[in-house]
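Reader: I'd like a close look at a single part of this one, please. Pick a strand or a helix and walk me through what surrounds it.

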Amino acid sequence: MVRIRVLVVDDHRIFAESLAAALAAEPDVDVSAAGSGPAASRCLERAAAEGRRFDVLLVDADLGAGAAAVPAQREAGTAPPPSVSDGIALVAGVRVAHPGVRTVVLAERDDPRRAALALQAGASGWVAKDCSLSRLLAVVRGVLREETHLPPALLTGVLRELTAARKHRSDSERLVESLTPREHEVLRCMVAGLGRKDVAARLFLSPHTVRTHMQNVLGKLGVHSTLAAVALARRAGVRPAELSGDVVERSGQLA
């Protein structure tokens, strides 16, 4: 019998333990539980090192601690915006660090926008916490067959959100494409969190010239602040400039 290894991640201990116990009663399911994002990351790493990788992660949408996933996302340039819940941030981090693990988000309520964010982060399903055990098992087995599972009531709203997100991304990409190669370099430095002086040092330009480039970038992108420019750049898929150690240290001090 092929056994399915499931990790339940929820900071509500009673819920996590109850769900784990219910799943463990299935003859083909091995289950563990973690109470936070960092604990889940440790479980995933330990299981991978021992050659006993988890197959499916069941993640609380409102998980109180998903910070362990953030460094991997930042390194890969895929970190979600701060408004995204920690549970969904953990999903994105797992996609980067453990691409073979399927994730399903467990939610207290239906929310098309957050369900769309979960799918964009890499989730294979969105399931109500109060769904039946048989429904949850069907989803777990389904995502292992590369299926995507959503409650029928959410389908229309999620498709609308995903369509809007694609249009938003396309608009952002067109704006970024209007930049000159030098302006694009400056934008990548901005995405990496560099201030004007560090950008000047990196690109061998004067601070005055960098200031002009930054103003041109803001103007072409149609935004009024560096933060807005960085947010738009991330939507367009702009990767941050790779930083040397000394620049990283200085930019960290400035922050």
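Author: Sure, and keep in mind that this is a predicted model. Let's take strand 4, which pairs in the parallel sense with strand 5 (residues 125–128) over four bridges. In that pairing, V104 stands opposite G125 of strand 5. Strand 4 also pairs with strand 3 (residues 56–60), again in the parallel sense, this time over five bridges. There, the residue facing V105 of strand 4 is V59.

So how covered is strand 4 itself? It runs over residues 102–107, and six of its six residues are buried. R102, V104 and L106 point one way, while T103, V105 and A107 point the other way, and all are buried. If you trace the chain onward, strand 4, helix 5 (residues 112–121) and strand 5 make up a β-α-β unit, and that unit is right-handed.

Now hop over to the neighbouring partner, strand 3, where you'll find D60. Is D60 buried or exposed? Its relative accessibility is 2%, and because buried means under 20%, D60 counts as buried. Leaving out residues up to four places away in sequence, D60 touches V9, D10, D11, H12, G87, L106 and K129. L106, you'll remember, is one of the strand 4 residues that point the same way as R102 and V104.

Strand 3 also gives us a way to helix 2: along with strand 1 (4–9), strand 2 (29–34) and helix 4 (86–97), it is included in what covers the buried residues of that helix. Helix 2 takes in residues 37–49, which is 13 residues, and spans 18 Å from its first C-alpha to its last, close to the 18 Å expected at 1.5 Å a residue. Its buried residues are G37, A39, A40, C43, L44, A47 and A48. These sit on the same side of helix 2, because they cover an arc of only 165° around the axis. Turn to the face away from that buried side and you meet the exposed residues R42 and A49.

The two ends of helix 2 deserve a look as well. At the N-terminal end, S36 acts as the cap, with a side-chain oxygen 3.1 Å from the backbone nitrogen of A39. A39 is also among the buried residues of helix 2. Just after the helix comes G51, which takes a positive phi of about 75°.

Note on methods: Residues numbered from 1 in each chain as written. Predicted model: local features only at pLDDT ≥ 70, side-chain atom pairs only at ≥ 80, totals over all residues. Heavy atoms only, no water. Buried < 20%, exposed > 50% of the residue type's maximum accessible area, 1.4 Å probe, protein only. Pairing = 2+ DSSP bridges. Right-handed = clockwise from strand over helix to strand, strands pointing away. Contact = heavy atoms within 4.5 Å. Expected span 1.5 Å × (residues − 1). Arc of directions from axis to C-beta. Polar contact = N/O pair within 3.5 Å; in protein donor to acceptor, adjacent residues only side chain to side chain.
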